[in-house]
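Colleague: Before these structural terms are accepted, I should like to hear the grounds for each of them.

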Amino acid sequence: MKHFFATVAILTALLLGADRSWSAEPLLSIIFSANSEGAVRPCPVCGGRIIGGLSRRATYIQQSRQSAGKTVPVFAVSGGFEFLPESGKQPDQAKLQALAKAYGMINFDLGLLTPGEAGAMRKAGVNLPGQWITAEAVTQTQLPLPGGGAVGFVLFPPLTPTEKEAPKDLIAQISKAVETQRKKSNIVVGLSPWGYFVELLYLRSNDAVLPDVLLGSGPGPGFKGMVAGEGRAYWMRAYSLGKALNRLEVLAWPKREAGFRWSDDMDIRSLNVGLTDQFKEDPAIAVLFEGMETD
């Protein structure tokens, strides 16, 4: 049932956002993917339309990179829960190998692996490229921008199943990492596997130094970006089962002053990309799963 409502939300967002003008060239584009749970093929009965699919996701990311100008970076970022179903049941070795190869071919610029996913990969003898990181503690990294500067990333470690909010000492560690990245990055992006309700409480924390953008995954609804944290952060969450991608466009770098607040559609904007049949399947990805029980 939750997947039905998520699909309806995706299709509604597509209709509402169809006329939005995206004429202004951004400084940065981030394509965000997470919560796929090992799903590979399009869903044939989602909201009355065939939607999703890893091969279509590959096509969209490839087309976006090709169509962007040389000075406009397009980063594909994965936020966790891509490989294992929510039930925690481990796919067989053949599927994990095919998934790892597919995600490697798509060439995500940065990927967050949950400890469960990393453990399943090790058990199956599967390796992912080095840009896939298991963040068992607060982890920092950067992606360079053309012509200088960088996008700073702070990867959040997972919480235990019993934790309903992030501990204060963990928030303090994340705040310190965000402050460090602010000093050497044009923009700071947080990657969270905490789920909707924990992220919501975190964004409401008065004590936290928030990242400029929070890309969320884990339990809870997916949605296109919104201004959060009293304007200090821009929050978007991934949709389930690979039905859609989130796209973020940064039109102006955040100002490092106390009164800075994001202005939606003025200096930052977002879009849901429903993976309908307007995107052809990438045959190199599709062939990896031929004859395989996948979803």
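Modeller: The exchange below takes up the terms one by one; the model is a predicted one.

Colleague: What makes S7 and S8 count as paired strands?

Modeller: Pairing requires at least two bridges between two strands. S7 and strand S8 (residues 150-155) have 6 bridges, in the antiparallel sense, so the requirement of at least two is met. Within this pair, threonine 141 stands opposite phenylalanine 153 in S8.

Colleague: Why are strand S7 and strand S11 called edge strands?

Modeller: The open sheet has 6 strands in the order S7-S8-S9-S10-S12-S11, with mixed pairing. Strand S7 (139-144) and strand S11 (223-228) each pair on one side only, and the term edge strand rests on that. From one strand to the next, the twist averages 20°.

Colleague: How do you know that helix H5 packs on the sheet, and which strands does helix H5 touch?

Modeller: Contact means heavy atoms within 4.5 Å. Helix H5 (residues 168-182) touches S7, S8 and strand S9 (187-192), and its direction makes about 170° with that of S8. Because angles run from 0 to 180 degrees between N-to-C directions, the two directions are nearly opposite.

Colleague: What can be said of helix H6 on the sheet?

Modeller: Helix H6 (residues 196-203) packs there too, touching S9, strand S10 (213-216), S11 and strand S12 (233-237). The direction of helix H6 makes about 180° with that of S12.

Colleague: What share of the protein chain is called buried?

Modeller: Buried residues make up 54% of the 295 residues; each of them has under 20% relative accessible area.

Technical notes:
Residues numbered from 1 in each chain as written. Predicted model: local features only at pLDDT ≥ 70, side-chain atom pairs only at ≥ 80, totals over all residues. Heavy atoms only, no water. Buried < 20%, exposed > 50% of the residue type's maximum accessible area, 1.4 Å probe, protein only. Helix = DSSP H or I, 4+ residues; strand = E, 2+ residues; numbered from the N terminus.
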